[in-house]
Amino acid sequence: MLIDLARRLGEACTVVWEARVVEGCGPFDFWLWEWGVVVEVDGMQHTDTPHHGTEAQAQWLVDRWKEAAAVRKRLHVARLHVMDMVCWEAVVARALCAARNGIPPCVHYSDYYLRPVITQS
């Protein structure tokens, strides 16, 4: 999907898998090298359930720290949630277009991250 999308936008695209592009951070799932865009694909452990002993809240903090580090390195971040597969292409396209148009780096979230959070009182 990543290479096909870049091709449709008329640009070259080298996709690096498990890319360590920010010193001190773990790898990003994908790095679209020519574009300066990194992509993270998140499962439920990033938002709702524990995974390998890490609670979702702790993972949330790691994810925000990692995003901030990438933005400081002048990278756009496309953060895709497994529940949003139907909109992944649109989110990545938004990040690619922002990078191509010189918009300052930021995080582009899929819809799952933009939903209202309901807390119990």
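Let me start with contacts along the chain. Take contacts in the protein chain between residues at least 6 apart in sequence: 57% of them join residues at least 24 apart. Keep in mind that this is a predicted model. Every value I quote is computed from that model.

Now the overall layout. The protein chain has 3 helices and 5 strands. Along the sequence, the pattern reads α-β-β-β-α-β-α-β. The chain has 121 residues, and 40% of them count as buried. Its accessible surface comes to about 7,200 Å². Carbon and sulfur atoms account for 58% of that surface.

On to the sheet. It is open, it has 5 strands, and the order is 1-2-3-4-5. The pairing is mixed. Which strands sit at the edges? Strand 1, residues 15-19, and strand 5, residues 107-109. Each of those pairs on one side only. Neighbouring strands are turned by 25 degrees against each other on average, ignoring direction.

Let me zoom in on strand 4. On one side, strand 4, residues 76-81, is joined to strand 3, residues 37-42, by 6 bridges. Those two strands run parallel. Two positions to look at on screen. V38 has V77 as its bridge partner in strand 4. Further along, V41 stands opposite L80.

On the other side, 3 bridges join strand 4 to strand 5. Those two also run parallel. Here A78 stands opposite H108 in strand 5.

Is strand 4 buried or exposed? Buried: 6 of its 6 residues are, so the strand is largely enclosed by the rest of the structure. Look at the side chains. H76, A78 and L80 point one way. V77, R79 and H81 point the other way. All of these are buried, and the cut-off for that is under 20% relative accessible area.

What packs on the sheet? Helix 3, residues 88-100. Helix 3 touches strand 2, residues 28-32, as well as strand 3, strand 4 and strand 5. Its direction makes about 175 degrees with that of strand 4.

Between strand 4 and helix 3 there is a loop, and M85 lies in it. M85 is exposed, at 55% relative accessible area. M85 also belongs to a nonpolar patch on the surface, together with V82 and M83. The three have about 300 Å² of accessible area together.

Next, charges. How many salt bridges does a search of the whole structure find? The count is 8. I will go through some of them.

Begin at helix 1, residues 2-8. D4 and R8 both lie in it, 4 residues apart, about one turn of the helix. Their side chains meet in a salt bridge, at 3.1 Å from N to O. D4 counts as partly exposed, at 34% relative accessibility.

R8 has a second partner to show you: R8 forms a salt bridge with E89. The closest N and O atoms of that pair are 2.7 Å apart. Why is that pair of interest? R8 lies in helix 1 and E89 in helix 3, so the salt bridge ties together parts that are 81 residues apart in sequence. E89 counts as partly exposed too, at 31% relative accessibility.

Now helix 2, residues 56-72. R64 and E67 are 3 residues apart there, separated by about one helical turn. Their side chains meet in a salt bridge, at 2.8 Å from N to O. Are the two buried or exposed? R64 counts as buried, at 17% relative accessibility. E67 is buried as well, at 3% relative accessible area.

That pair is part of a network of salt bridges. The linked residues are E40, D42, D63, R64, K66, E67 and R79. Place them on the elements you have already seen. R64 and E67 are in helix 2. R79 is one of the buried residues of strand 4.

To recap. Strand 4 pairs in parallel with strand 3 and with strand 5. Helix 3 packs on the sheet. The R8 and E89 salt bridge links helix 1 to helix 3. And a network of salt bridges includes R64, E67 and R79.

How values were computed: Residues are numbered from 1 along each chain as its sequence is written. This is a predicted model: local features need pLDDT of at least 70, side-chain atom pairs count only at pLDDT 80 or more; totals for chains, interfaces and linings use all residues. Side-chain values use heavy atoms; hydrogens and water are left out. Two strands pair if DSSP finds at least two bridges between them. Axes are lines fitted to C-alpha atoms, for helices over the stretch in contact, and angles run from 0 to 180 degrees between N-to-C directions. Contact means heavy atoms within 4.5 Å. Patches are made of residues with over 30% relative accessible area and no salt bridge: like charges are joined within 9 Å, nonpolar side chains (Val, Leu, Ile, Met, Phe, Trp, Tyr) within 5 Å. Accessible areas come from the Shrake-Rupley method with a 1.4 Å probe; for residues, only the protein chains shown count as cover. A salt bridge is a side-chain nitrogen of Lys or Arg within 4 Å of a carboxyl oxygen of Asp or Glu. Buried means under 20% relative accessible area, exposed over 50%, partly exposed in between (1.4 Å probe, protein chains only).
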